[in-house]
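Let us go through some strand and helix packing, one question at a time. The model is predicted.

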Amino acid sequence: MSSENKKRDKLIITFFFIVPFIFYFIFFISKGFWAPGDGKVFYVPPRSFIAENLKNLHLPLWNSYINLGYPSHADIQNSIFYLPNLIFYTFLPFEFAYNYMFLFHLSLAGVFTYLYLNQIKLNWKASFLGGLVFMFSGTLNAKLGHVTVLNSIVWLPIILYFYEKLLTTRKKKYIFFMSAAFSMQVFAGFIQISFYTAIILLVYFIFSIKKYDSFRRWVYEKINFSIITLGLTAVQTVPLIILTKSAGRTEITYEYFSSFSLDFISLITLIFPNILGVHIPNSPYKLYDTFYFGPGNLTEFALYIGILPLIFAIVSVFKERKDFHVKIWSTIAFISLILALGASIPIINKIMYLVPGYNYFRVSARFLFGFSFGMTFLFAKQIDKLIKNRKEAMNIYTLLIRITGILIGCSIICIMVIQKIFQVILSATPALSSTELFKSRTFGEFADIFSLRNPAILIPLGIMVMYLIFLIIVQRYRNIGNRLVFFSLAFLIVIDLHTFDFYHEKVVFNYSSESEISALLKSHIQNGERLWPVINNENDFEQIDFSPNKNIMDNIHTINGYATFLTKEYRSLTQFDERGVNDNSDNLLINSSLLSSLNAKYIIVSNVYNSLINTINKTDILEVKAVYTDNNITVPPSSQAGSMSVIQNPVTIEPDMIYKISVDLEEASKTPVFIDLWGEGYDNNEQQMTVPLGVDKKYTKFIYSGLAVPQNVFFRVFSDNQTKIDIDQVKLEKIGNREYPKVTFKKLLTEEGYTLYENMNVLPKMYSILNVNESNGEYSRIFDMDLSKSGLVEGIRSSTFSLAIIENIKYTDGFASATVSSDEKSFIVFSESFFPGWNAYVDGEKREVLKVNGLIQGLQIPAGKHEVEFKYEPNSLNLGLLILLLTILYSILFVNFKSFQNLLKRFSRR
């Protein structure tokens, strides 16, 4: 490469790192985090925890702030081994680092694309414009709230760059560089993108077979690429495998797999990117004021690459179809689009659901990055052809002018026809103006949307006209300098893409405001006592600045949270989902023994729960009175698919009372079984129990009757199963009132529709129990136990222990210690998640950690006074590091094999 070319490349790379600041000029005036959607709850808080640890030169292996603690390093979306994260979060202020990470990865996308296109011999101008299009493509810029998706996608072109270097030079070092780049994509934190990238690479590799002199060499290089990649990423993938195994996330239903498939109607956004609305209207400036009403969501379905780049790409497919790389990228773009459409093409989607690995992921629309990059290449290839073949260029310009003109004309005609149809309908029937037509949109609103006055239509048409004028000028005035044409086209493309990117969720969120409740909690919580914000689909705690995972930034520990993975037992026993939502929260509140054992000292509830808590405070769950019992019953099979087979009996239900439903199945349920209280106008989830599939044979739930109960209520058992269900016993019992009132939950503060309570029965972070009952893998019995005295423990026979005195409890992430004293052997419980990697030490001697109540940790302690420690020391990390080290050594030998071989020959001659 000449010194002039090197200088040019340096200038272009510098430009790519500067232009995002100009494109998103609001970066300099924004105060807060660029974190819309999932970013606010799923990315910013955990990354603040990671940044704080890295600044203290500590690798954050365990995060104790949510879900009773979880392995931070194993959750791939935390990306703690990702090099940019390690650098930025260690050395830069967190807010700046988080926000700049978005711009930085756009720059990487531009640079990597430029390098790849240059490597396959495209003109530098075409390569530059290709980099510009991809870095500002909608696929990337819509992912501000999904940072791991964005960070992962940008590594595709640099992997391809090193592969093309390998094909050109045949040097083995580029296999290692390919693996290092692919590994960085894995570390970026979104394994689905890496899996899709592997599919794209497979297609690319197959096409490249013809460039090898032997198939054996092709296979040899691909095997080594795979081995090195697996080895380099083992430090992340080994812990991830253990985490996914504990969570039981191996299969998903077809319906879940099919969710968020790209819809055909979304293809209109290739031309009119905002015609279906925007997620946050009139932000950051007033322009697009229609809420998104299209299928799925625009973040996942964004595929805009600009109007002229799209036209150029389509022309390239037909004009350059014999070109090697055009064949590759036309194929990849087509495959990516088809797979992104997912359930919109049912036959293909059902086939893909049968493909191992592929069927682990939902949101097939995420495959759109392959389509966007493929179209970017095709656009750059057509630009390259225009630069290198001036004779044919004029013919191509004529074709482009015609296509652009036709597109403008057809768009205007279609919009005018649709608008006229609405006008005719509304003129004939004015009342329809306020009638809902689609997704809460009325006829009148649709008439405004499909109007030339709508900026979402007017602006793309204006862009098309600008492109048309540009093409006409370039064609007619052939003496215009290439440099002027080049800069004009680059400017138009940036303006075009800016009209979508800049207005998609580019809003700032702040975490600095503090409610009275959070201030009180910060002053009261000591030594990591936990909080339960009772989140459900109606209450997300935004009003009091306590949205999910916000507690991490406030150094407050919670028993729930927003996380990727939950263990099977945690999900089953607590009924929390990945968002921290619990639609059966009444059960945990009424029978608060489990809640107390998890060190949940405080709860925040919506004020609608206050009547329930008042009732809890005056009842005694040990005082029960039978209301209805039935033995040896059979629920017959439903008569047809979708219908329910129901057994019901009338019962007397009192208002403002707590009831207990118990069921004992003949065998664990393989299909849903529902038990509820039902009456006219009395059909609520709060009064229903759903028996989990294949968990236990026995199941219990406490329910609150509510303040309004109809006169006629039925106790129902029902299912839509096509075969019979045998039940040994089903029972309904009423919980009696206390003879002497005892407060379970003490009210501390009410604010903005929410109330903070203190759990008066809470157990310490470490506590001692008297009775240990052997667990056989079933944990439903814990709801009938006093967990302050007893526990279900795996790996130990039922026995009785002495109560211990536990003092000097110290607690931090991945570590806890205490002084334990007892006259005889004792058993202590540590209310942190049980997970592989936790070790216990008694006076420095390693002991086995036992699983208690399916959720937390326990340890046998001999008689006497002892210093006890719990430490998170994951072998999975050590194994991953060992594999990484061995892989690096293997790579050195692999790359320098001939040098080592020659060196050995020299020594042998001596």
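Q: Which residue of β14 stands opposite Gln648?
A: In this predicted model, β9 covers residues 645–651, and Gln648 belongs to that stretch. β9 pairs with β14, residues 713–719, in the antiparallel sense over seven bridges. The residue of β14 opposite Gln648 is Arg716.

Q: In what order do the four strands of the open sheet run?
A: β9 pairs with β14. The pairing in the sheet is antiparallel, and the twist averages 15° from one strand to the next. The order is β9-β14-β11-β12.

Q: Which strands of the sheet have one side left without a neighbour, and why?
A: The sheet is open, with the order β9-β14-β11-β12. A strand at the edge has a single partner strand, so one side of that strand is left without a neighbour in the sheet. The strands are β9 (645–651) and β12 (688–691).

Q: Is α5 roughly parallel or antiparallel to α18?
A: Helix α5 spans residues 124–135 and helix α18 spans residues 368–388. Their axes are 8 Å apart, at an angle of about 155°. Angles over 145 degrees count as roughly antiparallel. Therefore α5 is, relative to α18, roughly antiparallel.

Q: How many nonpolar residues does the contact of α5 with α18 have?
A: α5 passes α18 in a right-handed crossing. On α5 the contact includes Leu129, Val133 and Phe134; on α18 it includes Phe373, Phe379 and Ile383. By class, three residues are polar and two are charged, and the nonpolar ones number ten.

Terms used
Residues numbered from 1 in each chain as written. Predicted model: local features only at pLDDT ≥ 70, side-chain atom pairs only at ≥ 80, totals over all residues. Heavy atoms only, no water. Pairing = 2+ DSSP bridges. Helix = DSSP H or I, 4+ residues; strand = E, 2+ residues; numbered from the N terminus. Axes fitted to C-alpha atoms, helices over the stretch in contact; angles between N-to-C directions. Parallel < 35°, antiparallel > 145°, perpendicular 65-115°, else oblique. Left-handed = near helix turned anticlockwise from the far one by under 90°. Contact = heavy atoms within 4.5 Å. Nonpolar A, V, L, I, M, F, W, Y, C, P; charged D, E, K, R; others polar.
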